[in-house]
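The report below describes one protein model, beginning with a single residue and widening to the strands and the nonpolar core.

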Amino acid sequence: MSDVNQIYAGPGIFEWGVGEDGLLEPDGIVIDLTQGGITFATTTTYFEPTTDQTGTAPVKSISTGTTGSIDFETPDMDFEKVIKYNPNASKVVDATDPDKVKYQVTGLAGKELPRRRAVIKPQGVLDPARYIYIESVGIKFDMNAAFVLDNNLRLTVSAMAYPSLTATPKGLLYTWGDITATA
């Protein structure tokens with residue numbers, strides 16, 4: 001029988017730069033303001049061989065890999081966070097007046113996204129059994145600067161979750177629950 005206590009709702013917190021112990025590293029970032037929630041989804045690709053006798057109907061499905069995606073928008077316009085995860089973003093401090101700061105984002109190709117462990121935590125929940133740790137996350141950055149009467153500026157965060165080749169087990173994509181549990 002199903003348990004209604006296993007139905008969860010509420011906003012989430014995204015942390016990027018989490019250690020093996022599940023704690024935020026000193027240079028990690030926390031995004032705890034979101035608009036529209038945080039979505040984590042996985043996508044698996046398949047090779048589905050056919051035979052002449054079955055036409056276009058596959059005879060079986062073989063998993064060829066799984067990736068994940070994390071998507072949300074945040075009104076947290078802190079560009080100090082952006083320069084940590086976006087190699088195209090930089091901070092310029094005025095040489096004569098340190099209070100004068102600007103952030104620049106370039107659009108040239110060829111820069112690899114840094115990848116770090118991330119966690120999605122429900123707001124106000126301290127039970128690690130409800131956390132989702134994503135092993136290797138690269139954050140894709142896009143601005144959504146809407147200057148409108150009934151809404152606010154926000155950053156669009158779209159992150160890609162990759163199978164980690166250095167994790168145990170090899171290829172680990174995500175862990176649901178207490179990351180410190182051992183076999």
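Lysine 121 lies in strand E7, where strands (E, at least two residues) and helices (H or I, at least four) are DSSP runs numbered from the N terminus. This is a predicted model, in which local features need pLDDT of at least 70 and side-chain atom pairs count only at pLDDT 80 or more, while totals for chains, interfaces and linings use all residues. Residues are numbered from 1 along each chain as its sequence is written, and side-chain values use heavy atoms, with hydrogens and water left out.

Is lysine 121 buried or exposed? Lysine 121 is counted as buried because its relative accessible area is 17%, the limits being under 20% for buried, over 50% for exposed and partly exposed in between (1.4 Å probe, protein chains only). Its side chain makes a polar contact of 3.4 Å with that of glutamate 15; such a contact is a pair of N or O atoms within 3.5 Å, of which, within protein, one must be able to donate a hydrogen and the other to accept it, and residues adjacent in sequence count only if both atoms are side-chain atoms. Beyond residues up to four places away in sequence, lysine 121 touches Pro11, Gly12, Ile13, Glu15 and Tyr131, contact meaning heavy atoms within 4.5 Å.

The pairings of strand E8 are listed next; two strands pair if DSSP finds at least two bridges between them.

| Strands | Sense | Bridges | One bridge pair |
|---|---|---|---|
| E7 and E8 | antiparallel | 5 bridges | arginine 116 and valine 137 |
| E8 and E9 | antiparallel | 8 bridges | phenylalanine 141 and valine 157 |
| E8 and E10 | antiparallel | 3 bridges | isoleucine 132 and tryptophan 176 |

Arginine 130 sits in the loop between E7 and E8, and, leaving aside neighbours within four places in sequence, arginine 130 is in contact with Tyr8, Ile120, Pro122 and Val125.

The largest nonpolar core holds 23 residues, of which Phe14, Trp16, Ile70, Tyr85, Val137 and Ile139 touch the most other members. Elements giving two or more residues to this core include strand E1 (12–18), strand E4 (62–74) and helix H1 (79–85), and the largest share, 5 residues, comes from E8. A nonpolar core is a set of buried Ala, Val, Leu, Ile, Met, Phe, Trp, Tyr and Cys residues joined through side-chain atoms within 4.5 Å. Phenylalanine 14, neighbours within four places in sequence aside, is in contact with residues including Ile29, Ile70, Ile120 and Val137. Apart from this core lies another, of 5 residues, among them Val18, Val119, Tyr131 and Tyr133.
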